[in-house]
Amino acid sequence: MPKLGLGLGVVGVGTVSSLDPDAAAYIALLEGDGVSVSGAQKSAIDAFYTTGKDEGWYSKLKRFYFPVWNAAAPSARCLVSGTSGTFSGTIGHNSGFVTGNGTNTHFDTGATPSAMGIPTGDALLLRGIHLDNNSVHDACGVAATPSTQSLGMLNFAVGGNFGTSYFRQPSSAAGAQITGQANYRGIYIGSCTATNSRFLLKRTTSGTTVVSNSATDSTAIYDQNPHFLARRLATVSNRTKGSEFAWGLGNGLTQAQAEDCSLAIKTLWETVTGLTLA
Amino acid sequence: MIGFITTPETAALVLDGIRAAQESRGHDYYWTTGAEPINSGANKGLMFIPASDELLNTPLRNGLTPRDFPEFDQLVDLLGGRGERDENEPDSLINLDEEIGDDN
């Protein structure tokens, strides 16, 4: 059953009639926003949906944003729920990614984890990083109003700790972290389930790195809207200057599903934008 | 940072107006200027609404920017007019009670 709930009737017959219905609905929304979606881009979007459904990770996603369309409305659209988040502040909208200004920018998903169906112990966070920035403003992840972390964090350390990425959900005691990175460019998926220990996966062109932590985190999720491009909204030093192209929230994946999902996102992004993952 | 310094009440009116301009056209609420509390200096207690040329030229949809909406001038007038845009030091937005030193 298509989650977007938008029928094929809004799409020109004969143009996309063979597409996955959710893919067709998303493409129709993009075109309504004025995006000219090429045939190759439509095929890539269709492949993302069909692959995700075949491999079992699509049903775990509650929100997936793909902010690559060089305009706010299409970039704010969720591919899964049919809702939109809200860009706030001076965000650079580019062909292939968005860029925070490190001071007053964030992206509000507009719903709480509980409203999305994400409980403690069964969650994922996803970020795609095109360009990073080793400044104090780059210590960002998923933020909440006003000051605490929300669903959890998928953060990138700066300064003396540069090279370390963290996934926590939400306790700091049971995080999974990747250390010693030369940069943060890549696709990250942090995932936790009750039976599957938390892990943080990073995908680059050369493959994946996975770090696990078997500790179970029973700390309740802060039930406030998750934000991207910022970690804590009340602290301006917790906004990113980095450039990002994918954000996701959902229920926990297996490691195999995270491998598949990150590869599908890589393929989608590279095909749609013509850019290459680091 | 260039923008308007205004009261919390006026800032709330402006943000509501930005949201209404989108939803009244049947669109999702997908863009806002945002407003940040000023936590130090002469304007402590007021709100800062960013309004740089870069922000006002944000591509929204179908080639439109915020300047293309009829509501734009009304909201700017509410803030005193375009000539009232101010330069605000980013440091004044830092809330020392909330600032957290770790970078994890």
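Select Asn155(A) to begin, and look across to S9(A), where Tyr166(A) stands opposite Asn155(A). The model is a predicted one, in which local features need pLDDT of at least 70 and side-chain atom pairs count only at pLDDT 80 or more, whereas totals for chains, interfaces and linings use all residues. Residues are numbered from 1 along each chain as its sequence is written, while chains are lettered from A and ligands numbered from 1 in the order in which they are written.

Next, select residues 153-156 of chain A, which form strand S8, and see that S8(A) pairs with S9(A) in the antiparallel sense over four bridges; strands are DSSP runs of E of at least two residues, helices are runs of H or I of at least four, and both are numbered from the N terminus, and two strands pair if DSSP finds at least two bridges between them. Add residues 176-178 of chain A, strand S10, which runs antiparallel to S9(A) and is joined to S9(A) by three bridges, with Ile178(A) opposite Ser165(A). Along S9(A) itself (residues 165-168), Ser165(A) and Phe167(A) point one way and Tyr166(A) and Arg168(A) the other way, and all are buried, that is, with 20 or more other C-beta atoms within 10 Å of their own, where 12 or fewer would be exposed, anything in between is partly exposed, and C-beta atoms are placed from the backbone.

Now select Tyr26(A), Ala72(A), Ile189(A), Ala246(A) and Trp269(A), which touch the most other members of the largest nonpolar core, a set of 72 residues; such a core consists of buried Ala, Val, Leu, Ile, Met, Phe, Trp, Tyr and Cys residues joined through C-beta atoms within 7 Å. Helix H1 of chain A (residues 21-32) gives the most to this core, with eight residues. Apart from it lies another core, of 13 residues, including Ile5(B) and Leu75(B).

Move to chain B, where an open sheet of four strands has the order S3-S4-S1-S5, with antiparallel pairing. Strands S3 (36-37) and S5 (86-87) of chain B stand at the edges with a single partner strand each, so one side of each is left without a neighbour in the sheet. Helix H1 of chain B (residues 8-23) packs on the sheet, touching S1(B) and S4(B), and its direction makes about 30° with that of S4(B); these axes are lines fitted to C-alpha atoms, for helices over the stretch in contact, with angles from 0 to 180 degrees between N-to-C directions.

Finish at Glu71(B) in helix H3 of chain B (residues 71-78), which counts as partly exposed because it has 14 C-beta neighbours inside 10 Å.

Technical notes: Contact = placed C-beta atoms within 7 Å.
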